[in-house]
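Thanks, everyone, for making the time this morning. I would like to take you through the aromatic contacts and then the pockets of one structure, and please do interrupt as we go.

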Amino acid sequence: MTKKKVIKKKATKKKVAKKASHKISKGMVFEYAPAPESTKVEILPKYGNFIGGKFVAPKSGKYMESRNPATGELITKIALSNASDIDSAVKAARKAYTETWSKLSGMDRGKYLFRIARIIQERSRELAILETMDGGKPIKESRDVDLPLVAQHFFYNAGWADKLDYVMPGKKVKSIGVCGQIIPWNFPLMMAAWKIAPALACGNTIVLKPAEQTSLTALRLAEICKEAGLPDGVVNIVTGAGETGAALVEHKGVNKIAFTGSTDIGKHIARTAGKTDKKLTMELGGKSANIIFADAAIDQAVDGVVNGIYFNQGHVCCAGSRLLVEESVKDIVLKKLQKRMKQIRVGNPLDKNTDLGAINSKEQFDKIKSLVKQGKTEGGEFWQAPCSLPTKGYFFAPCYFVDQSGSASISREEVFGPVLSITTFRTPEEAVIKANDTAYGLAAGVWSEKGSKIHKVAAGLRAGVIWANTYNKFDATSPFGGFKESGYGREGGRHGLLPYLEVR
Ligand code: ADP
């Protein structure tokens, strides 16, 4: 290299260094993302329903309180809607279906979905904060798991809108009309996206009822639909409790009900809707098993188990709430599990270091406490991580029961909290029998270094999703749904479009 060139290169290096240095303040080596608290989320004192493209007051004039489960503070008030509000929303959805949405080309519908997806990305920080305030889940989950998936579901389904002829090659498909969608409180915005995005892509219009505990991000999504210029009435959001949901299920103008929630309510809805010609999909409870074989990478498996059950406070339908561990490695697994559980940080969900946030509501908190209390009388050993908990709000330290009988309530009932039930097995056949010994069949995890063993065991498991050497991984391209009392129908992927189409 000539001298001139060397000098020039040095000068360029200096320039780069100078350019970068303006970002580095004194004593600081890296630039951090702003703290979640630094993003201001505007929240109105009360919210009405989103019907026909406008926010309107509930007909009864009644509102419910929406509280932050981590602090107990009142966040805002939301409409407590009745059958008359549902009727207005269904009428608005029907009008939009007949006059606009069903007449648009798939490509045009796709454009709206892409637009919604992009606005979600732009407003993702605000949405993540609101989700965490309303539901108690750690900000690192709402920010890094929920929100990217919410946007992904809109992007993915936007891509399908003009390709519906390929959903079932050789068959003709058509939209079905007005869809009633009822969702739970554990993944509020994600559940809304799972339901709204495929329904819209397929040309249907929607009345969505979010869970009474967590309606705020769905109402924000209504604002986003407006911002995206979505025609009025294509998406309607009506808030309320069980009676509001029941009115939606019973409404004669609704062509399909998509429900995610508890198995009890699911069965009740199936009985009501079964008397009509409504299409029905159900994503219900679970009691999923993580199976660790002796040949597994134990550290990774333990981490996967922790993620499987303690992620989102165990408020996950497919939570790995049962651990089946091969007898020969039980002691080492328990030792590593305890060590790992002691490191879990429980506390303020808005703190980005928090691993385990607040239990969603007092009702759920009481249910977890009562099941654990009962579990302690049913044999086996109980262990709970010795972490300090905030004095305000609903917090529960992660815990497990080991060697309880298969009939103990903790082994059978869906706790929906950070409570793990551990038992052992000796052979792959016994592992499969034990994993399938449940009324549910939503998910399972298999941990082994041997691919052939994973395939053999997976083939015997009666579960809709089976993860191998990982757990709780979701993707818009992959169908999700259950066997047995975990429900029927699939959400996500090509399969997730079928419930929203009439196939001819
Ligand atoms: P979870 O135990 O997860 O709260 P639920 O099944 O109680 O599950 O609630 C899930 C959703 O179903 C919520 O939006 C709730 O308001 C709604 N819901 C509750 N009862 C009924 C009902 N009888 N008919 C329709 N929807 C209902």
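I will begin with the rings and move on to the pockets afterwards. Please keep in mind throughout that what you have in front of you is a predicted model.

A search over the whole structure turns up 15 aromatic pairs, and one of them is Phe50 with Phe55, a tilted pair whose centres are 5.1 Å apart and whose planes make an angle of 50 degrees. As for their surroundings, Phe50 is buried, at a relative accessible area of 4%, whereas Phe55, at 36%, counts as partly exposed.

The next pair is Trp185 with Phe416, where the ring centres are 5.3 Å apart and the planes stand at 85 degrees, so this pair is classed as edge-to-face. Which parts of the chain does this pair tie together? Trp185 sits in the loop between strand 7 (178-182) and helix 6 (188-201), while Phe416 sits in the loop between helix 13 (409-412) and strand 16 (419-425), and the pair therefore links parts that are 231 residues apart in sequence. Trp185 counts as buried, with a relative accessibility of 14%, and Phe416 is buried too, at 13%.

Beyond these pairs, there is an aromatic cluster made up of Phe187, Trp194, Phe311, Trp467, Tyr471, Phe474 and Phe480. There is also a charge over a ring, with Lys256 lying over the face of Tyr500 at 5.0 Å from the ring centre.

Turning to the pockets, the largest encloses about 940 Å³ of space. Its lining has 36 residues, and those closest to the centre are Phe259, Gly261, Ser262, Ile265 and Trp185, the last of these being the residue we have just met in the pair with Phe416. Helix 9 contributes the most to this lining, with 6 residues, and by class the lining of the largest pocket divides into 15 nonpolar, 13 polar and 8 charged residues. Where does this pocket lie with respect to the domains? Both domain 1 (46-284 + 486-503) and domain 2 (289-475) give residues to its lining, so the largest pocket lies between them.

The second largest pocket has a volume of about 440 Å³, and among its 22 lining residues the ones nearest the centre are Glu141, Asp303, Val306, Asn307 and Phe311. Helix 5 (139-160) and helix 10 (298-310) are the elements that each give two or more residues to this lining, which by class comprises 10 nonpolar, 5 polar and 7 charged residues. Here, too, domain 1 and domain 2 each supply at least three residues.

Key:
Residues are numbered from 1 along each chain as its sequence is written. This is a predicted model: local features need pLDDT of at least 70, side-chain atom pairs count only at pLDDT 80 or more; totals for chains, interfaces and linings use all residues. Side-chain values use heavy atoms; hydrogens and water are left out. Rings of Phe, Tyr and Trp (its six-membered ring) pair if their centres lie within 6.5 Å; planes under 30 degrees apart count as stacked, over 60 as edge-to-face and the rest as tilted. Buried means under 20% relative accessible area, exposed over 50%, partly exposed in between (1.4 Å probe, protein chains only). Helices (H or I, at least four residues) and strands (E, at least two) are DSSP runs, numbered from the N terminus. A charge sits over a ring if NZ of Lys or CZ of Arg is within 6 Å of the ring centre and within 35 degrees of the ring normal. On a 1 Å grid over the protein atoms alone, a cavity is a set of points where a 1.4 Å probe fits but cannot get out, and a pocket is an open set with protein on both sides within 12 Å along at least five of seven lines; lining residues have an atom within 4 Å of a point. Grid points are joined across faces, edges and corners, and a volume is the space filled by probe spheres set on the points. Ala, Val, Leu, Ile, Met, Phe, Trp, Tyr, Cys and Pro count as nonpolar, Asp, Glu, Lys and Arg as charged, and the others, Gly among them, as polar. Domain bounds come from an automatic or database domain assignment.
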